[in-house]
Amino acid sequence: MASAATLSSVEAQKLENLRSAVSGLNQISENEKSGFISLVARYLSGEAQHVDWSKIKTPTDDIVVPYDTVSPPPEDEAKTKELLDKLVVLKLNGGLGTTMGCTGPKSVIEVRNGLTFLDLIVKQIESLNSKYGSKVPLVLMNSFNTHDDTLKIVEKYTNSNVEIHTFNQSQYPRLVVEDFSPLPCKGQTGKDGWYPPGHGDVFPSLMNSGKLDLFLSQGKEYIFVANSDNLGAIVDLKILNHLVQNKNEYCMEVTPKTLADVKGGTLISYEGKVQLLEIAQVPDEHVNEFKSIEKFKIFNTNNLWVNLHAVKRLVEADALKMEIIPNPKEVDGVKVLQLETAAGAAIKFFDNAIGMNVPRSRFLPVKATSDLLLVQSDLYTVVDGFVIRNPARNNPANPTIELGPEFKKVSNFLSRFKSIPSIIELDSLKVVGDVWFGAGIALKGKVTISAKSGAKLEIPDGAVIADKEINGAEDL
């Protein structure tokens with residue numbers, strides 16, 4: 001923790017006032033109070049956020065290992081079971097489905113065939129456990145926003161062969177910018193007074209929940225952490241085997257950038273360590289260089305493999321001091337600040353940490369209904385909970401899809417498609433305005449469909465649209 005000595009007297013006084021205000025917040029634990037105060041202290045001491053651009057080096061293949069060069073996992077089933085028995089799968093389940101117009105945790109949005117993200121995840125681990133006789137557990141890190149709903153939802157998996165654990169990440173008070181006091185002390189008694197401090201919190205929260213010690217006592221060694229909305233984040237025995245063999249304490253899966261990923265964090269070599277570089281840390285004059293696909297060719301998928309013994313060692317030493325991401329918000333007209341950290345930034349604190357440059361198929365996030373369109377289309381099939389890309393598509397890249405605001409909510413999106421069009425041969429689709437799709441439609445090449453302002457445009461059943469711009473029924 002930053003000692004008060006590194007703070008100016010004004011900042012030190014701010015921190016003291018905050019500490020005494022926070023000590024009276026009975027809604028949170030002592031661990032949460034001290035974690036919050038130590039985060040704020042680091043923020044106030046103004047730890048260097050910007051990197052020295054001249055010291056950045058492109059990581060070599062021994063630091064960012066190409067997936068193709070990794071040796072295959074053992075074929076022997078007993079050896080595979082032995083490997084799986086070292087593994088815990090953790091999904092970050094703190095997010096709500098609000099951006100897609102859904103209430104409750106995002107992981108309960110139906111992805112395909114009536115199956116939710118969570119259904120698919122449980123099915124995947126079920127099939128692994130049945131195939132090898134292993135007992136890989138699933139852990140969900142919830143936030144106070146998703147906790148109650150998730151507990152109800154996981155009841156339906158009681159008869160599954162997957163042991164499901166849940167724990168809550170920390171709950172910190174939002175900071176009122178004006179006088180640096182906790183928002184809950186200002187009469188904001190509801191959920192709006194609080195925030196979950198980003199997924200960097202996964203490591204202390206895993207420890208504070210008692211789950212870390214439980215898994216260590218069961219002989220578990222590695223935890224595979226991923227976002228619950230990344231359908232590509234499946235257990236990969238080749239990666240796990242590599243980490244066990246090479247004693248890597250941390251592995252971040254990265255994948256080649258496309259123009260859609262220019263803002264994603266990248267891995268660099270910095271002062272002899274592998275480090276995550278996020279756009280927020282880049283000096284303004286280098287932002288365009290950061291976004292270039294030439295110099296920084298890879299980005300972080302947020303699929304992370306971490307050694308559990310190392311997590312315990314580092315959390316106990318309070319050594320995980322990841323870059324602080326200040327996130328300004330407004331609640332009922334009051335300007336507030338929430339300080340967050342990211343799990344990927346922890347890479348520099350682990351010994352023998354690596355990146356692994358994995359195929360793009362391991363990164364299939366669903367952030368918007370345009371992603372749902374891809375996943376529900378004939379581009380993919382679902383087998384045993386695994387979302388598998390259709391080999392009939394020759395282009396390794398997915399089509400780019402832009403849907404207007406009429407399609408933003410899942411319910412609207414579903415009502416506007418009688419069935420999801422065939423997009424195997426599609427390069428790009430842009431939809432503008434009040435457009436409705438019939439059944440059995442095929443879209444190919446570059447397609448733009450825009451309804452005239454105030455007019456409804458219906459695409460008839462069975463229509464085949466190839467390399468066309470459609471502005472009204474007369475263009476069909």
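**Helix α4, a cavity, a pocket and two cores**

Just after helix α4, G133 takes a positive phi of about 70°. The model described here is a predicted one, and this glycine makes a handy place to start looking around. The helix that comes just before G133 covers residues 117-132, 16 residues in total. From the first C-alpha to the last, α4 reaches 23 Å, close to the 22 Å expected at 1.5 Å a residue. Its buried residues are F117, L118, D119, L120, I121, V122, Q124, I125, L128, N129 and Y132.

Helix α4 also turns up around an enclosed space. The count of cavities of 30 Å³ or more comes to one, and the largest cavity holds about 60 Å³ of space. Its lining is made up of K91, F117, L120, I121, Q124, N227, S228, N230, L231, A233 and I234. The largest share of that lining, four residues, comes from α4. Sorted by class, the residues around the cavity are six nonpolar, four polar and one charged.

Then there are the open spaces. The second largest pocket has a volume of about 530 Å³. It is lined by 24 residues, and G35, S38, Y172, P204 and D318 are the closest to its centre. Two or more lining residues come from each of α2 (30-44), α6 (202-208) and α10 (308-316). Of these helices, α2 gives the largest share, seven residues. The lining of this pocket has eleven nonpolar, eight polar and five charged residues.

Turning to the packed interior, the largest nonpolar core has 40 residues, and the members that touch the most others are L231, L429, V435, F437, I449 and I459. Helix α11 (residues 369-376) gives the largest share of this core, four residues. Another core lies apart from it, with 38 residues that include V88, I298, A310 and L320. L231 deserves a second look: this core member is also part of the lining of the largest cavity.

I459 gives a closer view of the largest core. Not counting residues up to four places away in sequence, I459 touches V435, W436, F437, G438, I441, I449, I465 and L476. Strand β26 (residues 456-459) is where L457 is found. L457 counts as buried because its relative accessibility is 3%, and the cut-off for buried is under 20%. Leaving aside neighbours within four places in sequence, L457 is in contact with D434, V435, W436, I449, S450, A451, I470, N471, G472 and A473. N412 is 45 residues from L457 in sequence, and the two are 15 Å apart in space, C-alpha to C-alpha.

Back to the backbone, where a couple of loop residues stand out. Most residues other than glycine have a negative phi. K247, though, has a positive phi near 50° without being a glycine. K247 sits in the loop between α8 (237-246) and β13 (250-256). With a relative accessibility of 62%, K247 counts as exposed, because the cut-off is over 50%. N352 is not a glycine either, yet its phi is positive, at about 60°. The loop between β18 (334-340) and β19 (354-357) is home to N352. With a relative accessible area of 44%, N352 is partly exposed.

How values were computed:
Residues numbered from 1 in each chain as written. Predicted model: local features only at pLDDT ≥ 70, side-chain atom pairs only at ≥ 80, totals over all residues. Heavy atoms only, no water. 1 Å grid on protein atoms, 1.4 Å probe; cavity = no way out; pocket = protein on both sides within 12 Å on 5 of 7 lines; lining within 4 Å. Points joined across faces, edges and corners; volume = space filled by probe spheres on them. Nonpolar A, V, L, I, M, F, W, Y, C, P; charged D, E, K, R; others polar. Expected span 1.5 Å × (residues − 1). Buried < 20%, exposed > 50% of the residue type's maximum accessible area, 1.4 Å probe, protein only. Core = buried A, V, L, I, M, F, W, Y, C linked by side-chain atoms within 4.5 Å. Contact = heavy atoms within 4.5 Å.
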